[in-house]
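Here is a briefing on the chain shown below, written for a reader at the bench. It begins with the chain as a whole and then turns to particular residues, grouped by topic.

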Amino acid sequence: MKNLAFVATLILIAPGAYAACSDAPSAGVDWSGCTKQQLVIRGKNLQGARFERGTLLAVNFERSDLSGGSFAAA
């Protein structure tokens, strides 16, 4: 029972722990904590994407749908 509680605690306190910085830009992508620079991501569906605690340098999101996305501390 202790192990189950420990695992549940890890899941609750570590959102974004499964971010894959190499994932392609798409709806719901989780780039939390990732560094992205000099990217051109035009006209993409990035609804619900997560960029929390990420570093975005010279990234062009022109005409991309970022609705519902999270950029907290990015």
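**Surface, fold and core**

The chain exposes about 5000 Å², of which carbon and sulfur atoms supply 57%. The model is a predicted one, and the chain in it has one helix and two strands, which run α-β-β from the N terminus on. The points below start with burial and the nonpolar core, and then take up the disulfide, the aromatic rings, two further residues of interest and the backbone.

**Burial and contacts across the chain**

- Of the 74 residues of the chain, 23% count as buried.
- Among the contacts between residues at least 6 apart in sequence, 3% join residues that are at least 24 apart.
- The largest nonpolar core has nine residues, namely Val-29, Trp-31, Cys-34, Ile-41, Leu-46, Ala-49, Phe-51, Val-59 and Phe-61.

**The disulfide**

- A search of the whole structure finds one disulfide, and this bond joins Cys-21 to Cys-34 with an S to S distance of 2.0 Å.
- Cys-21 and Cys-34 both lie in the loop between helix 1 and strand 1, so the pair ties together parts that are 13 residues apart in sequence.
- The torsion about the S-S bond of Cys-21 and Cys-34 is about -90 degrees, and the disulfide is therefore left-handed.
- The two cysteines are not alike in burial: Cys-21 counts as partly exposed because its relative accessibility is 36%, which lies between the limits of 20% and 50%, whereas Cys-34 is buried because its relative accessible area is 2%, under the 20% limit.
- Cys-34 is also one of the residues of the largest nonpolar core.

**Aromatic rings**

- A search of the whole structure finds four aromatic pairs, and one of them is formed by Phe-51 and Phe-61, an edge-to-face pair at 5.7 Å centre to centre with 65 degrees between the planes.
- Phe-51 lies in the loop between strand 1 and strand 2 and Phe-61 in the segment after strand 2, so this pair ties together parts that are 10 residues apart in sequence.
- Both Phe-51 and Phe-61 are buried, and both belong to the largest nonpolar core.
- The rings of Phe-61 and Phe-71 have their centres 6.4 Å apart and their planes at 85 degrees, and because an angle over 60 degrees counts as edge-to-face, this pair is edge-to-face.
- Phe-61 and Phe-71 are both in the segment after strand 2, 10 residues apart, and their pair links distant parts of the chain.
- Phe-61 counts as buried because its relative accessibility is 17%, while Phe-71 counts as partly exposed because its relative accessibility is 34%.
- Ring pairs link Trp-31, Phe-51, Phe-61 and Phe-71 into a cluster.
- Leaving aside neighbours within four places in sequence, Phe-51 is in contact with Trp-31, Ser-32, Leu-56, Phe-61, Leu-66, Ser-70, Phe-71 and Ala-74.

**Ser-32 and Leu-66, two residues in contact with Phe-51**

- Ser-32 lies in the loop between helix 1 (2-13) and strand 1 (35-37), and this serine is buried because its relative accessible area is 5%.
- The side chain of Ser-32 is joined to that of Asp-30 by a polar contact of 2.6 Å.
- Leu-66 is found in the segment after strand 2 (55-57) and is partly exposed, because its relative accessible area is 27%.
- Not counting residues up to four places away in sequence, Leu-66 touches Leu-46, Phe-51, Phe-61 and Phe-71.
- The C-alpha atoms of Leu-66 and Ala-49 are separated by 7.1 Å, although these residues are 17 residues apart along the chain.

**Backbone points to check**

- Most residues other than glycine have a negative phi, and this is why positive values are noted here.
- Gln-38, in the loop between strand 1 and strand 2, has a positive phi near 50 degrees without being a glycine.
- Gln-38 is exposed because its relative accessible area is 68%, which is over the 50% limit.
- Arg-63, whose place is in the segment after strand 2, has a positive phi of about 60 degrees although it is not a glycine.
- Arg-63 likewise counts as exposed, because its relative accessibility is 64%.

Notes:
Residues are numbered from 1 along each chain as its sequence is written. This is a predicted model: local features need pLDDT of at least 70, side-chain atom pairs count only at pLDDT 80 or more; totals for chains, interfaces and linings use all residues. Side-chain values use heavy atoms; hydrogens and water are left out. Helices (H or I, at least four residues) and strands (E, at least two) are DSSP runs, numbered from the N terminus. Buried means under 20% relative accessible area, exposed over 50%, partly exposed in between (1.4 Å probe, protein chains only). Contact means heavy atoms within 4.5 Å. Accessible areas come from the Shrake-Rupley method with a 1.4 Å probe; for residues, only the protein chains shown count as cover. A polar contact is a pair of N or O atoms within 3.5 Å; within protein, one must be able to donate a hydrogen and the other to accept it, and residues adjacent in sequence count only if both atoms are side-chain atoms. A nonpolar core is a set of buried Ala, Val, Leu, Ile, Met, Phe, Trp, Tyr and Cys residues joined through side-chain atoms within 4.5 Å. A disulfide is a pair of cysteine sulfur atoms within 2.5 Å. Rings of Phe, Tyr and Trp (its six-membered ring) pair if their centres lie within 6.5 Å; planes under 30 degrees apart count as stacked, over 60 as edge-to-face and the rest as tilted.
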